[in-house]
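Please open the model in your viewer and keep the sequence panel visible. The stops below are arranged so that each selection leads to the next.

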Amino acid sequence: MGLVEFDYRAAMTEGHTFNELVAQRLRAEGIGCTVPELELVTSDADIRRLTKEEKDIILDNGLVLEVKSRNLGFSEDPSVFWQSNLYVDTYSGYEAKEVKPYAYVMVSQKSGNMLVVHSNTKEHWFKHTTQDPYRKITETFYKIDRKHLTTWASLVDELKSGR
């Protein structure tokens, strides 16, 4: 298959579970959305295509949300987020997307809490190159300072008001 030893199928299946979790919370707030069916990769070409075309959550108004689960514990109050900054996405992944997400929903795998990074804060994102501990490759990521994180509640309010 040409893929590194990283188990893309397991990671994509787990990621899809978090997409569904976020969608459930949106629906509970009265926000209509769809989680596209999970498509598992079978080749490097599939990875490139999905990076370009995949959407985690499509809102009924057409906006797209990207979901990133993090193996971190955090609350839904960004003012007490304990790290100085947070990974948003890989540089290559974000730049390859045909449709840029309206926002990223960051989900704590430990607490289930959610924080939000709006894509309109991109001017504040900075690049950071490091070893990806999961895929065992050097990758450039976009990161953002914690002061630009927003709350789940504020995202819900925005979406309900149509702003």
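Begin by selecting isoleucine 58, which counts as partly exposed because its relative accessibility is 28%; the class lies between buried, under 20% relative accessible area, and exposed, over 50%, with a 1.4 Å probe and protein chains only. This is a predicted model, in which local features need pLDDT of at least 70 and side-chain atom pairs count only at pLDDT 80 or more, whereas totals for chains, interfaces and linings use all residues. Residues are numbered from 1 along each chain as its sequence is written, and side-chain values use heavy atoms, with hydrogens and water left out.

**Strand S2 and the sheet**

Isoleucine 58 lies in strand S2; strands (E, at least two residues) and helices (H or I, at least four) are DSSP runs numbered from the N terminus. Display the surroundings of isoleucine 58: not counting residues up to four places away in sequence, this residue touches Cys33, Thr34, Pro36 and Leu63, where contact means heavy atoms within 4.5 Å. Next, place a distance label between the C-alpha atoms of isoleucine 58 and glycine 32; they are separated by 8.8 Å, although the two residues are 26 residues apart along the chain.

Which residue of S2 is the bridge partner of threonine 34? The partner is isoleucine 58. Strand S2 (residues 57-59) and S1 pair in the antiparallel sense over two bridges; two strands count as paired if DSSP finds at least two bridges between them.

Now colour the whole sheet. The sheet is open and has six strands in the order S1-S2-S3-S5-S6-S9, with mixed pairing. Its edge strands, each pairing on one side only, are S1 (33-34) and S9 (150-151).

**Asparagine 19 in helix H1**

Select helix H1 (residues 8-28), where asparagine 19 has its place. Is asparagine 19 buried or exposed? Asparagine 19 is buried, because its relative accessible area is 6%. Leaving aside neighbours within four places in sequence, asparagine 19 is in contact with Val35, Asp56, Ile57 and Val67.

**A charged network**

Move to glutamate 66, which is buried, with a relative accessible area of 6%. Glutamate 66 forms a salt bridge with lysine 68, the closest N and O atoms being 3.4 Å apart; the term requires a side-chain nitrogen of Lys or Arg within 4 Å of a carboxyl oxygen of Asp or Glu. Glutamate 66 also forms a salt bridge with lysine 97, with the closest N and O atoms 3.5 Å apart. Glutamate 66 lies in strand S3 (residues 64-70) and lysine 97 in the loop between helix H3 (91-96) and strand S5 (103-108), so this pair ties together parts that are 31 residues apart in sequence.

Keep lysine 97 selected and add aspartate 89: these two form a salt bridge, with the closest N and O atoms 3.8 Å apart. Both lysine 97 and aspartate 89 are buried. Shared partners join Glu66, Lys68, Asp89 and Lys97 into one salt-bridge network. The structure holds seven salt bridges.

**Aromatic rings**

Finally, show Tyr91, Tyr94, Tyr104, Trp125 and Tyr142, which form one aromatic cluster. The whole structure has eight aromatic pairs, a pair being rings of Phe, Tyr and Trp (its six-membered ring) with centres within 6.5 Å.

Add lysine 100, whose charged end sits over the ring of tyrosine 94, 5.0 Å from its centre; here NZ of Lys or CZ of Arg must be within 6 Å of the ring centre and within 35 degrees of the ring normal. For a further example, select lysine 143: its charged end sits over the ring of tyrosine 87, 4.3 Å from the ring centre.

Note on methods:
Rings of Phe, Tyr and Trp (its six-membered ring) pair if their centres lie within 6.5 Å; planes under 30 degrees apart count as stacked, over 60 as edge-to-face and the rest as tilted.
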